[in-house]
Amino acid sequence: MTAAPRPLDVRKQDTLARLEQDVDAWVSTASPDGTPYLMPLSFLWSDGTLLLSTARTNPTGRNLLANPLVQLTLGEVRDVIHVTGTVEVVEPSDAEGQAFAEKAGFDPRPLGNYPFFRVTPTRIQAWREVNELKERVLFEDGRWLD
């Protein structure tokens, strides 16, 4: 028997906790010709955005530099957080760069070929079971839904 759907405020709290605690997400990008590419990357949830870093020469890096649209997914099939957002290349603060390195177990700052990409969410969805699909959108157009 499936449990009752979580109320919106509980799903928001659960989502924020996962964004703080999870280390990796599946990052989906597309090349200029539309070829999709999926790669796991470590991330840092920082001030309402996700910070990523990857080599500018690999497919994900090239795609992020060419196309500012991205999707990221965290979790298991029955506990999903799906983020749609826009990307920009940034220089993180020293504290943010250090927090990323500690969480990811990898410090890209000394490597000149590893830019940081900031993902600003435009939509966040979360669901565990089919009973949460109807109200899976938690964040849209820059704001958390009530």
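Let's start at threonine 49, which sits in strand E4, the stretch covering residues 49-53. Keep in mind as you look around that this is a predicted model. Threonine 49 has a relative accessibility of 10%, so it counts as buried, the cut-off for that label being under 20%. Its side chain has a partner: a polar contact of 3.0 Å links threonine 49 to the side chain of arginine 118. If you leave aside residues up to four places away in sequence, threonine 49 touches Leu44, Arg118, Val119, Thr120 and Pro121.

Strand E4 also turns up when you look at helix H3. This helix runs over residues 94-104, and its buried residues are Glu96, Gly97, Phe100, Ala101 and Lys103. What do those buried residues pack against? The answer is helix H1 (8-21), strand E2 (36-42), strand E3 (44-46), E4 and strand E7 (116-127). Just past the end of H3 you'll find glycine 105, with a positive phi of about 75°.

Now head back towards the beginning of the chain. Arginine 6 belongs to the segment before H1. Is arginine 6 buried or exposed? With 12% relative accessibility, it falls under the 20% limit and so counts as buried. The side chain of arginine 6 makes a polar contact of 2.8 Å with the side chain of aspartate 14, and another of 2.7 Å with the side chain of glutamate 132. Not counting residues up to four places away in sequence, arginine 6 touches Arg11, Asp14, Trp127, Arg128 and Glu132.

For a contrasting spot, try lysine 134, in the loop between E7 and strand E8 (137-140). Lysine 134 has a relative accessible area of 79%, so it is exposed; anything over 50% gets that label. Lysine 134 and proline 5 are 129 residues apart along the chain, yet their C-alpha atoms are separated by 10.0 Å.

Further along comes arginine 143, in strand E9 (residues 143-144). Arginine 143 has 47% relative accessibility, so it counts as partly exposed. In space, its C-alpha lies 9.7 Å from that of isoleucine 124, with their positions 19 residues apart in sequence.

Time to step back and take in the whole protein. Its secondary structure adds up to three helices and nine strands, and along the sequence they come in the pattern α-β-β-β-β-α-β-β-α-β-β-β. The radius of gyration is 16 Å, close to the 15 Å that the globule rule gives for 146 residues, so the protein is as compact as a globular protein of that length. Along the principal axes, its C-alpha atoms fill a box of roughly 50 × 35 × 25 Å.

How much of the protein counts as buried? The figure is 40% of the 146 residues. As for contacts, take those with a separation of 6 or more: 62% of them come from residues 24 or more positions apart.

Finally, have a look at the outside and the charges. The accessible surface comes to about 8100 Å², and carbon and sulfur atoms make up 53% of that. The protein carries 15 positive and 21 negative side chains, and the centres of these two sets lie 5 Å apart.

Conventions. Residues numbered from 1 in each chain as written. Predicted model: local features only at pLDDT ≥ 70, side-chain atom pairs only at ≥ 80, totals over all residues. Heavy atoms only, no water. Helix = DSSP H or I, 4+ residues; strand = E, 2+ residues; numbered from the N terminus. Rg over C-alpha atoms; globule rule 2.2 N^0.38 Å. Buried < 20%, exposed > 50% of the residue type's maximum accessible area, 1.4 Å probe, protein only. Contact = heavy atoms within 4.5 Å. Areas by Shrake-Rupley, 256 points an atom, 1.4 Å probe, with all protein chains shown as cover. Lys, Arg positive; Asp, Glu negative; His and termini not counted. Charge placed at Lys NZ, Arg CZ, Asp CG, Glu CD. Polar contact = N/O pair within 3.5 Å; in protein donor to acceptor, adjacent residues only side chain to side chain.
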